[in-house]
Amino acid sequence: MGELFDVRAGLSPGAVAVVGAGGEEWSYAELGERSDRVAGVLAARGVGRGDLVAVVLERSVDVVAVLLGVVKAGAGFVPVDPAYPVERIGWMVEDAGPVLVVCSEGTRGLVPAGVECLVWDPSAVVVESAPVVSVGVDDVAYVIYTSGSTGRPKGVAVTHRGLGNLAAAQIERFAVGADARVLQLASLSFDAAVSEMCMALLSGGALVMAGADRLPPGGSLSEVVAEFGVTHVTVPPSVLATVEELPESLRTLVVAGEVCPPGLVERWAPGRRMVNAYGPTEVTVCATMSGLLEPSGPVPIGGPIANTRVFVLDEFLRPVPEGVAGELYVAGPGLARGYLGRPGLTAERFVACPFTGGRMYRTGDLAKWTGDGQLVFGGRADDQVKVRGFRVEPGEVEAVLAGHRSVGQVAVVVREDRPGDKRLVAYVVPDGDVDTAGLREYVAERLPDHMVPAAVVALD
């Protein structure tokens, strides 16, 4: 990723690379220089090839330089959203076992005691040159934590191998050019943020880092798009459903993360490029993409991106006929190394591929082929759900609630009382007196906002 950026920066050093909340703009040359400084500082602290560095920083232009700098130092970054509960941040940092945590004065208190920290202050950094590090394509580029059915999140270790492939597919299908302004909308702990960075910075376009308070759910997507002249946005359908208007400057609209209702295509596809993208974290963000969407029936997830193969198989790993639902498997350069520190789970999900001789990832998603060679998503083969584009294992939420002294039994389900509005609801059998509002607060102290049930219902 670092080398690909440097090549791009060499082609257009004066072009705008990143735009900040206060109108701050850095050119490709400046971003390259700042990321080199980060890499130099990290190298001086002993960070090298194969290490992991956790990044706990507020959303800003500096985050981009730090993430690039980590990669240039030969390490992989573990992005941690400072908005997460302290307990979850602590668990992620301890589980990843980074050699260093890069934080700010404002986030230092979120890092567990005893963990080595670098409080990042770019104004205090003496000019450092980037170390010369030979990074292999199978080295870890980043680790993203996803919801785990056992009650603990699991870290997905993704290598550099699939990043160039991802960027090439996005730049072609999303028509990303040097004049593009790509909004960085996703949480930094979500792999879509890596996708947005690659899309912008490996195409010669600009990455727009609006303030967290300006973005949904609290802010207005349409206002940010208009103010910054954003041309490309990737957004979960449930968030898009809350938008009332989009400026004409928005040329490409990518929906991803959950099933897209046909009504959204009817509303937003006319007059712009609209694409449906699909892919779990374990396959470097994206495995398939649709063509340009048109209002007509179920919205397909399309076909595999370049150099990627997808298979719809039955329980005996045999291809199923057209129109028949089966489990979706993915093979290709985007496959992650596996789950950090979990060899058993890795072996269970990353299995031998009888068609390519390599590995394939068992997604747990159901799909079927249409007559024209498109894939249509058909739900899950297990209990995993999607809420606002985030993967949620109800078992993880149940495990947290079960830890409360007033809860005897618990079941967490997703309800969709209004089309497109999915919400988690927890049903508990009390073990004594129970305060349902207090239980929501208990969960909010331990899990990210998207995993907190919208309601807790007490049952006899």
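This passage describes a three-stranded sheet, the helices packed on it, a helix pair and a buried helix in a predicted model.

Local features in this predicted model require pLDDT of at least 70, and side-chain atom pairs count only at pLDDT 80 or more, whereas totals for chains, interfaces and linings use all residues. Residues are numbered from 1 along each chain as its sequence is written, and side-chain values use heavy atoms, with hydrogens and water left out. Helices (H or I, at least four residues) and strands (E, at least two) are DSSP runs, numbered from the N terminus.

An open sheet is formed by three strands in the order 24-25-26, with mixed pairing; two strands pair if DSSP finds at least two bridges between them. Strand 24 (407-418) and strand 26 (455-458) are the edge strands, each pairing on one side only. On average, neighbouring strands of the sheet are turned by 25° against each other, direction ignored. Strand 24 and strand 25 run antiparallel and are joined by nine bridges; Val 412 has Ala 426 in strand 25 as its bridge partner. The hairpin of these two strands has two residues between the strands, and Gly 420 takes a positive phi near 85° there. Strand 25 (residues 421-430) pairs with strand 26 in the parallel sense over four bridges. Across this pairing, Ala 426 stands opposite Val 456, and Val 428 has Ala 458 as its bridge partner.

Helix 11 (residues 394-402) packs on the sheet and touches strand 24 and strand 25, contact meaning heavy atoms within 4.5 Å. The direction of helix 11 makes about 140° with that of strand 24; axes are lines fitted to C-alpha atoms, for helices over the stretch in contact, and angles run from 0 to 180 degrees between N-to-C directions. Helix 12 (residues 436-444) lies across strand 24, strand 25 and strand 26, at about 135° to strand 26.

Elsewhere in the chain numbering, the axes of helix 2 (residues 28-44) and helix 3 (residues 61-72) come within 7 Å and cross at roughly 55°. Residues of helix 2 that meet helix 3 include Leu 31, Val 38 and Leu 42, and those met in helix 3 include Val 64, Leu 68 and Lys 72. The residues of this contact divide into nine nonpolar, three polar and four charged; Ala, Val, Leu, Ile, Met, Phe, Trp, Tyr, Cys and Pro count as nonpolar, Asp, Glu, Lys and Arg as charged, and the others, Gly among them, as polar.

In helix 6 (residues 192-201), ten of the ten residues are buried (under 20% relative accessible area, 1.4 Å probe, protein chains only), so helix 6 is largely enclosed by the rest of the structure. Glu 196 is among these buried residues.

Terms used. Buried < 20%, exposed > 50% of the residue type's maximum accessible area, 1.4 Å probe, protein only.
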